[in-house]
Amino acid sequence: MDPRKWIDVTPENFNYSLDHFVIPSHYDKDLESILIPHGVIMDRVEKLARLIVNDCKGPLVICCILKGGHQYFADLVNVIKKLTTKDGHSIPLSLEFIRVKSYHNDASSGDVRISLTEEECQEFKGKNILIVEDIIDTGSTMVKLLKRLEQYQPSSIRVTSLLIKKTPKSNGYIPDYVGFAIPDAFVVGYALDYNEYFRDLDHICVISEHGKQAYAQ
Ligand code: IMP
C-alpha cells in the first residue's frame, strides 16, 4: 500500500486522555493514553473492506492470524460479506485460522512459531488468500509466514494489517492494505495483548510502565 493512503497516527493528531472514553476499571493504572478509539477503528475497517473487495476477483480464503488478529478479522469479515464487487457480485468466503507466536513481554523473541499442519497448507493450493494480521512491527513474522505459504502455490496472497509500526527495526515489509501507521510504542487493546492481558479492551492504547510491570512474565 502506498503510505499516503494509510492514516498516520501522530501524538499531535491522536492524543486522547483516558478520561475521554470509557475503559475497563481494572486497567485504570495500566494505560498511558488512548491512541485509536474503537469507533475510529470500526470506521477504518469499513474502508479497508471496501478497498479489498474492489480488488477481489473471485472466491477468497481469509486467514486470521491468532490471537491478536481475531478482532480485526471478525469485524472485517462482517463488512466484506455484506459488500459486492464493482460489477455487483458477492464474494464466496472461506475462513482459516493460523496461530503465530513471536513475542515475550514487549519484545520480539526473533523465534517465530507458526502452527499450521501440512494438511492445512495443502488447502491453499490455487486459492486467493487474504491474510489478516493485527500489527506489523519488525515485519519478520509476516515475511516468514509468506515464505511458508508460498511453498503451497496459492493463486494469490494479499495481506492486510490494521496497524504498522513506524520503527527503525522494520525490515521494510509493507502489507497491501494498512489501517494506521502508529508510533514506535507498545500498544494493546482491540485483541492486541501484553502477555495475554488487555485483549478485553476495545480502544487501541499505549501501555504504561505500571501495566508492563504488573503483567510482566
Ligand atoms: P513482527 O514480527 O516484529 O512484525 O511482530 C509481529 C507480531 O508481534 C504481531 O503479530 C503481534 O502479535 C506482535 N506485536 C508487535 N508489536 C506489538 C504491539 O505493540 N502490541 C502487541 N503485539 C505486538
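**Exercise 1. Check the length of helix α1.**
Work out whether the span of helix α1 (residues 38-54) agrees or disagrees with the expected value.

*Solution.* Start with the count: α1 has 17 residues. The expected span is 1.5 Å times one less than the number of residues, which gives 24 Å here. Next, look at the end C-alpha atoms, which are 25 Å apart, so the two values agree. Helices here are DSSP runs of H or I with at least four residues, strands are runs of E with at least two, and both are numbered from the N terminus.

Before going on, two notes will help. This is a predicted model, in which local features need pLDDT of at least 70 and side-chain atom pairs count only at pLDDT 80 or more, while totals for chains, interfaces and linings use all residues. Residues are numbered from 1 along each chain as its sequence is written, and side-chain values use heavy atoms, leaving out hydrogens and water.

**Exercise 2. Find the buried side of α1, then look at Ile41.**
Which residues of α1 are buried, and what does Ile41 touch?

*Solution.* Buried means under 20% relative accessible area, exposed over 50%, and partly exposed in between (1.4 Å probe, protein chains only). By that rule, Ile41, Arg44, Val45, Leu48, Ala49, Ile52 and Val53 are buried in α1. An α-helix has 3.6 residues a turn, so residues three or four places apart point the same way.

Now take Ile41: its relative accessible area is 0%, so Ile41 is buried. Setting aside residues up to four places away in sequence, Ile41 touches Ile36, Leu162, Phe180, Tyr190, Asp202 and Ile204 (contact means heavy atoms within 4.5 Å).

**Exercise 3. Place Ser208.**
Is Ser208 buried or exposed, and which backbone oxygen lies 2.9 Å from a polar atom of its side chain?

*Solution.* First locate Ser208, in the loop between β10 (204-207) and α5 (209-214). With 6% relative accessibility, Ser208 counts as buried. The backbone oxygen is that of Lys29. Beyond its neighbours within four places in sequence, Ser208 contacts Lys29, Asp30, Leu31 and Glu32.

**Exercise 4. Describe the ligand's surroundings.**
How many residues surround the ligand, and which element gives the most to the shell?

*Solution.* Count those with a heavy atom within 4 Å: there are 16 residues, the closest being Asp137, Thr138, Gly139, Thr141 and Val187. A polar side-chain atom of Thr138 lies 2.5 Å from a ligand oxygen atom, and a polar backbone atom of Val187 is 2.6 Å from a ligand nitrogen atom. Finally, β6 gives the most to the shell, with four residues.

Notes: A polar contact is a pair of N or O atoms within 3.5 Å; within protein, one must be able to donate a hydrogen and the other to accept it, and residues adjacent in sequence count only if both atoms are side-chain atoms.
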